[in-house]
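Open the model in your viewer and keep the selection box handy. We will go from stop to stop, choosing residues and looking at what surrounds them.

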Amino acid sequence: MTNQAWLTRSGEETEALGASLLGVAPPANAPCRVVTLSGELGAGKSTFARGVLRSLGVQGTIKSPSYTLIETYELPEVQVLHLDLYRLHDPEELENLGLVDYHRPGHLWLIEWPERGAGRLPQPDLGFVFSIASDGHRIERIEFVAPTK
Ligand SMILES: Nc1ncnc2c1ncn2[C@@H]1O[C@H](COP(=O)(O)OP(=O)(O)OP(=O)(O)O)[C@@H](O)[C@H]1O
Ligand SMILES: [Mg+2]
């Protein structure tokens, strides 16, 4: 698949992009889908993830996994795992989270700061790279990068 890029001009647009790209539940028992959200601090990764989660049916407050590392959502059509590994000190700590239990059909993984878990995460199926393409106004550039498998 060719790489693609989008520009968003507000948090709302970033959320809407997440909803439109990943916000439809996969067919029942579809293989686990692992998505990485990479890029600099504050570039919109969690905002994009929130758009995905809302669109998949998460109601109420969407907690940030920045301290807990992991938030899980059991939705009627899909189980979602939202990881933020910024505060992970060593990829080995991932073993304590019991991630293998989630690497099953019908699951979607959204991983912020995947590089912090290098070597201990499954191969991604999709990768998005976020950057702030600022020239006075704040604009996010969100690029789809086909992972090398
Ligand atoms: N295109 C945009 N233009 C302006 N602001 C945006 C845009 N997209 C997102 N934002 C805002 O940027 C702020 C930071 O976004 P967010 O928390 O999603 O970043 P992050 O990449 O998850 O950061 P971290 O690396 O700390 O987890 C939020 O207030 C969000 O609303
Ligand atoms: Mg974040």
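Start with the largest nonpolar core of this predicted model. The core has 26 residues, and the ones to select are Val35, Leu37, Val52, Trp109, Leu110 and Ile111, which touch the most other members. Next, colour the elements that each supply at least two residues of this core: α1 (11–22), β2 (33–39), α2 (45–56), β4 (79–84), β5 (107–112) and β6 (126–132). Which element gives the largest share? That is α2, with 5 residues.

Stay with one core member for a moment and centre the view on Trp109. Leaving out neighbours within four places in sequence, its contacts are Val34, Val35, Leu81, Leu83 and Tyr102.

**Along α2**

Now select residues 45–56, the helix α2. Is this helix mostly covered or mostly uncovered? It is mostly covered, as 10 of its 12 residues are buried. To show the buried ones, pick Lys45, Ser46, Thr47, Phe48, Ala49, Arg50, Gly51, Val52, Leu53 and Leu56. Val52 is also on the list of core residues that touch the most other members.

Try the distance tool here, from the C-alpha atom at one end of α2 to the C-alpha atom at the other. The two are 17 Å apart, which agrees with the 16 Å that 12 residues should span at 1.5 Å a residue. While the helix is on screen, remember that an α-helix has 3.6 residues a turn, so residues three or four places apart point the same way. Step just past the end of α2 and you reach Gly57, with a positive phi near 115°.

**Around ligand 1**

Select ligand 1 and bring up the 19 residues around it. Gly11, Thr14, Lys45, Ser46 and Thr47 come nearest. Two elements, α1 and α2, give two or more residues to this shell. If you colour the shell by class, you should find 4 nonpolar, 8 polar and 7 charged residues. Lys45, Ser46 and Thr47 also appear among the buried residues of α2.

Gly11 is worth a closer look. It belongs to helix α1, and it counts as partly exposed because it has 16 C-beta neighbours inside 10 Å. For a long view across the model, draw a line from Gly11 to Leu94: their C-alpha atoms are separated by 30 Å, with their positions 83 residues apart along the chain.

**Into the loops**

Go to Leu88, in the loop between β4 and β5. Why does Leu88 count as partly exposed? The reason is its count of 18 C-beta neighbours inside 10 Å, since 20 or more would be needed for a buried residue. Not counting residues up to four places away in sequence, Leu88 touches Leu69, Glu93, Leu94, Arg116 and Gly117. Add Tyr67 to the selection as well: it is 21 residues from Leu88 in sequence, and the C-alpha atoms of the pair are 9.4 Å apart.

From Leu88, hop to its contact Leu69. Leu69 sits in the loop between α2 and β3 (70–74) and counts as buried, with 21 C-beta neighbours inside 10 Å. Check its backbone angles too: phi is near 70°, a positive value in a residue other than glycine.

Trp113 makes a good companion stop. Its phi is positive as well, near 55°, again in a residue other than glycine. You will find Trp113 in the loop between β5 and β6, buried with 20 other C-beta atoms within 10 Å.

One more loop to visit holds Val24, between α1 and β2. With 13 C-beta neighbours inside 10 Å, Val24 counts as partly exposed. Its C-alpha atom is separated by 20 Å from that of Ala5, 19 residues away along the chain.

**Zooming out**

Finally, show the whole protein as a cartoon. There are 2 helices and 7 strands, running β-α-β-α-β-β-β-β-β from the N terminus on. The C-alpha atoms fill a box of roughly 45 × 35 × 35 Å along the principal axes. The radius of gyration is 15 Å, which agrees with the value near 15 Å for a compact globule of 149 residues. Of those 149 residues, 32% count as buried. As for contacts with a separation of 6 or more, 68% are between residues 24 or more positions apart.

Key. Residues are numbered from 1 along each chain as its sequence is written. Chains are lettered from A and ligands numbered from 1 in the order in which they are written. This is a predicted model: local features need pLDDT of at least 70, side-chain atom pairs count only at pLDDT 80 or more; totals for chains, interfaces and linings use all residues. A nonpolar core is a set of buried Ala, Val, Leu, Ile, Met, Phe, Trp, Tyr and Cys residues joined through C-beta atoms within 7 Å. Helices (H or I, at least four residues) and strands (E, at least two) are DSSP runs, numbered from the N terminus. Two residues are in contact if their C-beta atoms, placed from the backbone, lie within 7 Å. The expected span of a helix is 1.5 Å times one less than its number of residues. A residue is near a molecule or strand if its C-beta atom, placed from the backbone, lies within 6 Å of it. Ala, Val, Leu, Ile, Met, Phe, Trp, Tyr, Cys and Pro count as nonpolar, Asp, Glu, Lys and Arg as charged, and the others, Gly among them, as polar. The radius of gyration is taken over C-alpha atoms; the globule rule is 2.2 Å times the number of residues to the power 0.38.
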